[in-house]
Amino acid sequence: MKINNKSLLFSFTLLMLLVGKGIMAQKVKMISTTETERWVKSKKDIKIIESNAEADIVVYTDSILQVVDGFGGSFNELGYTALQVLPKEGRKEVMEALFSEDGCDFTMCRLPIGASDYALSYYSSNDVPEDFGMRDFNIDRDRFIMIPYIKQALNIQPNLKLWASPWTPPAWMKVNEHYSARSGDWNGRPQGNRMTPGAEIFNNATGFKMQERYLKAYALYFSKFVQQYKAAGVPLWGIMPQNEVAYAPNWPACTWRPEDMAYFIGKFLGPKFKEDNLSTEIWLGTINAGNPDYVRTILDNKDAAKYLSGVGFQWGGSKSIPTITKEYPSYKFMQTENKCGNQENNWSSLQVSWETLVHYTNSGSGSYMYWNMILDETGMSSWGWPQNSMIVIDKNTKEVTYNDEFYLFKHLSHFVKPGDHLLKSSKGKNHIAYKSKDGSTVLLVNNPDKENKTINIKVGDKTISAQLKATSINTIIVSK
C-alpha cells in the first residue's frame, strides 16, 4: 500500500495541534503571599507533571460538598471612625480593597443591632424603659455611623448580603437593667463600666426578663430594625437573636438558657416575622457553647425549628459544629466571628485564622466572617481589649497597613464565590479545595514551615508540582 506523505504530514500536524490545544487548556496559575512578599503571581513555581507521580495532596473533583454562601467581615462604629481620618480617595481605596473584584471581593458581612464591644459607647434602638409598643424605636444613631459605613461597601459591592445580631437587648429588658453582664474592664481591671453590686449575671442564667410583655416587645424590636434598615436602603437577608449566647463579659452582652431562646424564637420572634411578612431569615446564633446539647435543645423544639434557616457558631462553638452539622443536615451553617487576637497583627495571627478557617470549613460551614475589618493603630475596644484587624489606619500619620490576615482572606474570597462548592480532598490541615461554577478548581495551601518545599497535588486526572515559599499562603487555580 502506497502512503501519501502529504496526507501523513497533514494528519501528524493536526494531531500535534489538537494535543497542543489540550495542553494549553490545562492552565494552572498560583498566587503566593509571605510576610515580606504580598500577592505574587508565579508561573515558574508551578507546572503539570507526570500523572503517575506520588501526590502529597489529592483533590477529588467529582466529590462535591457544601455550597459556599459567602465570606466577609463585620461593620462596627470604631471601624468607621478609623476610616474617617483618611481623605475621600483614601477611604475609597480601603473599601475597594475589601469589596471590589480586584480586592477581597467580600460578599457577606455582619453588623450589630445596637452596641457591640466595638461601638463608641452603650446604646440600643430603644432606650425608653417599658416602651412595649416601641413608639420610640429608632435607628437614628445608625443613620450617622453604621449606615453610611455600610453604604460605602454597597456602592462597590451591590450584591453584598448583610445579616445582623444584637450583643444585648435594651438594658431595661434585662434582669440586671444594664447593657453588660458584669462590671470592670477587660481581664478584670478595675476601670471600665460600673454596675450595682450584685447585678452581675453569669452564663448559667438567662439575662433577659422572660415576662411575655418583654418577649413580645423584643420581637417587635427586631421587626422594626429590619424594616427601618430596609427603608434606609440597607436590606438584611438574615438576623441571629443573640451574639454569644453563653458568655457574660463586661461589654454589651446577654446570656440565654437554650430553653428560653427556643421559647422566644418559637412563640414570639418567628410569629412576628411571619405576621409582618418579613423575608429576612432567622438563624440560631451566635453559638459559643461547646456542648452540642445547647443547639440540640433549640433545633429539637418544633415551635422554634420551623422558623430557623441555619446556625451560626463562633469561638467555643467550634467544638459543637462538627456534631451539629452531621445531626441536622437540612440546615445551613456559618462561622460568625473569627478569633480576634490581642493586636498581634502578624503571621501568628494568620496561622490561628487559617486553623479556624479549615476547621469550620471541613465541619460543614458555608460562610465565614472575620471580625474587625478596619481599626486604628491602638486596636482598642471601648471596653479595653486591643484586637486584630485586617487593615490598620494610623490616625496620626494617616498610614494604611494591610495586615497578614487581610491577605489570607483575599487568597480565599477573591477566588471563591457564592455558589461554588467545597471539594473533598485528602486528609491534612494545610489545604482546602473548591469547585468554581466555571468548572475550575481552587486550592488554598498553607506552608507553615520555615523552609521552601515542593509538593505534588493530584487534581482530578492532573498532577501538579508546586514550589511553596517558606511560611506562605498560596492559591492555586486549575482550569477545567
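This briefing walks through a sheet, a pocket and a few unusual backbone spots in the structure above. The model is predicted. Its open sheet has ten strands, and its largest pocket has a volume of about 480 Å³. One helix to look out for is α11, which packs on the sheet and also supplies at least two residues of the pocket lining.

**The sheet**

- Strands of a sheet pair through backbone hydrogen bonds, either parallel or antiparallel.
- In this open sheet the pairing is mixed, and the ten strands run in the order β2-β1-β21-β18-β17-β16-β4-β19-β20-β3.
- At the edges you will find β2 (40–42) and β3 (46–49), each of which pairs on one side only.
- From one strand to the next, the twist averages 30°.
- Helix α11 packs on this sheet and touches β1, β4, β16, β17, β18 (441–447) and β21 (472–478).
- The direction of α11 makes about 55° with that of β17.
- To see a strand pair up close, try β1 (residues 28–33) and β2, which are antiparallel and share three bridges.
- Within that pair, Ser-32 has Val-40 of β2 as its bridge partner.

**The largest pocket**

- The lining of the largest pocket is made up of 27 residues.
- Nearest the pocket's centre lie Gln-66, Thr-361, Asn-362, Ser-363 and Gly-364.
- Elements that each supply at least two lining residues are β4 (57–67), α10 (321–327), β11 (332–337), α11 (347–362), β16 (421–425) and β17 (431–435).
- Strand β16 gives the largest share of the lining, with four residues.
- By type, the lining holds ten nonpolar, twelve polar and five charged residues.

**Unusual backbone spots**

- Most residues other than glycine have a negative phi, and most peptide bonds are trans.
- Gly-285 and Thr-286, however, are joined by a cis peptide bond, with omega about 0°.
- You can find Thr-286 in strand β9 (residues 281–287).
- Trp-315 is not a glycine, yet its phi is positive, near 50°.
- Look for Trp-315 in the loop between β10 (308–314) and α10; it counts as partly exposed because its relative accessibility is 30%, between the cut-offs of 20% and 50%.
- Lys-398 also has a positive phi, near 65°, and lies in the loop between β14 (391–393) and β15 (400–402).
- With a relative accessible area of 39%, Lys-398 is partly exposed.

Methods: Residues are numbered from 1 along each chain as its sequence is written. This is a predicted model: local features need pLDDT of at least 70, side-chain atom pairs count only at pLDDT 80 or more; totals for chains, interfaces and linings use all residues. Side-chain values use heavy atoms; hydrogens and water are left out. On a 1 Å grid over the protein atoms alone, a cavity is a set of points where a 1.4 Å probe fits but cannot get out, and a pocket is an open set with protein on both sides within 12 Å along at least five of seven lines; lining residues have an atom within 4 Å of a point. Grid points are joined across faces, edges and corners, and a volume is the space filled by probe spheres set on the points. Ala, Val, Leu, Ile, Met, Phe, Trp, Tyr, Cys and Pro count as nonpolar, Asp, Glu, Lys and Arg as charged, and the others, Gly among them, as polar. Two strands pair if DSSP finds at least two bridges between them. Axes are lines fitted to C-alpha atoms, for helices over the stretch in contact, and angles run from 0 to 180 degrees between N-to-C directions. Contact means heavy atoms within 4.5 Å. Buried means under 20% relative accessible area, exposed over 50%, partly exposed in between (1.4 Å probe, protein chains only).
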